[in-house]
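Subject: A structure for you to look at

Hello,

Here is the structure I promised to pass on. Please open it and keep it in view while you read the notes underneath.

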Amino acid sequence: ETSTHGGDTAYSEEKLAVPLYVQPLNDAPVLMLNQSTPAEFLEGNGPVVVTCPALEIVDVDGDELQSAAIAIGKVKATEPDVLLAVTNGSGISAVYDDTTGILTMSGSASTAEYQAALRSVAFDNQSENPDESDRLIQFEVNDGVEPSNSVEATVIVTAINDPPWLDLNGEASGGTDNVVYIDTQQDNKND
């Protein structure tokens, strides 16, 4: 059998030019987190970094991100939980909303700069008696077109049993806290 374009084989010898248009699609950034050991927050010891260095960002079609959202899952209104981040000189601003429990990062910056900022995210709680339930911290970035997948890290919260203390002034302000101890048995010991 021969081709309708001539020749004596099943394939044509004639060449045709066909335009091919490639429409690039945006691939969403990908977050990867290999947190084999959860972060441990101990009351009174200050903020604890949540993921460093286990968090990675990959964006195959660009090296620039526009925003990130880091959220404390199941925010409790009674808990003074806080998320902090270091963004020095990166062009990224970070603002924490204690009502929603979301740390929002914004500003055009490289994937490496956002990765460094996300790796610096720290958890803190200012309570003298924090709720000891684990905190689940969720991370997501956005390249300005699409959000990434969401990854989750765990922070274990441990409260310390603080010793009791006595305030001799009660609710009043001012004055001094002088404690006087009188040993009434002292005279009997010398007899």
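Below is what was found, beginning with the sheet and ending with a surface patch.

Please keep in mind that this is a predicted model.

**The sheet**

Start with the open sheet. Six strands form it, and their order is E2-E11-E10-E5-E8-E7. The pairing is mixed. Which strands sit at the edges? They are strand E2 (39-42) and strand E7 (93-97), and each of these pairs on one side only. From one strand to the next, the twist averages 20 degrees.

**Pairs inside the sheet**

Now go through some of the pairings.

- E2 and strand E11 (residues 151-158) run parallel and are joined by four bridges. Find Leu42 there: its bridge partner in E11 is Thr158.
- E5 pairs with E8 over seven bridges, in the antiparallel sense. Ala68 is a good place to look, as its bridge partner in E8 is Met105.
- E5 is also joined to E10, by six bridges, and these two run antiparallel. Here Ile72 stands opposite Ile137 in E10.

So E5 has E8 as one antiparallel partner and E10 as another, in line with what counts as a pair: at least two bridges between the strands.

**The helix on the sheet**

Next, find helix H1 (residues 111-119), which packs on the sheet. H1 touches three strands: E5 (64-72), E8 (102-110) and E10 (135-142). The direction of H1 makes about 155 degrees with that of E8.

**A further pair of strands**

Turn to strand E1 (residues 30-33) and E4. They pair in the antiparallel sense, with four bridges. Met32 has Glu56 of E4 as its bridge partner. E4 itself covers residues 55-58. Which residues of E4 lie on its covered face, and which on its uncovered one? Leu55 and Ile57 are on the covered face. Glu56 and Val58 are on the uncovered one.

**The surface patch**

Stay with Val58, which belongs to strand E4. Val58 is part of a nonpolar patch on the surface, along with Val30, Met32 and Val60. Together the four have about 320 Å² of accessible area. Is Val58 buried, exposed or partly exposed? Its relative accessible area is 33%, so Val58 counts as partly exposed. The cut-offs are under 20% for buried and over 50% for exposed. A patch residue needs over 30%, and Val58 has 33%.

Best wishes

Definitions and conventions:
Residues numbered from 1 in each chain as written. Predicted model: local features only at pLDDT ≥ 70, side-chain atom pairs only at ≥ 80, totals over all residues. Heavy atoms only, no water. Axes fitted to C-alpha atoms, helices over the stretch in contact; angles between N-to-C directions. Contact = heavy atoms within 4.5 Å. Patch = residues over 30% accessible without salt bridge, like charges linked within 9 Å, V, L, I, M, F, W, Y side chains within 5 Å. Areas by Shrake-Rupley, 256 points an atom, 1.4 Å probe, with all protein chains shown as cover. Salt bridge = Lys/Arg side-chain N within 4 Å of Asp/Glu carboxyl O. Buried < 20%, exposed > 50% of the residue type's maximum accessible area, 1.4 Å probe, protein only.
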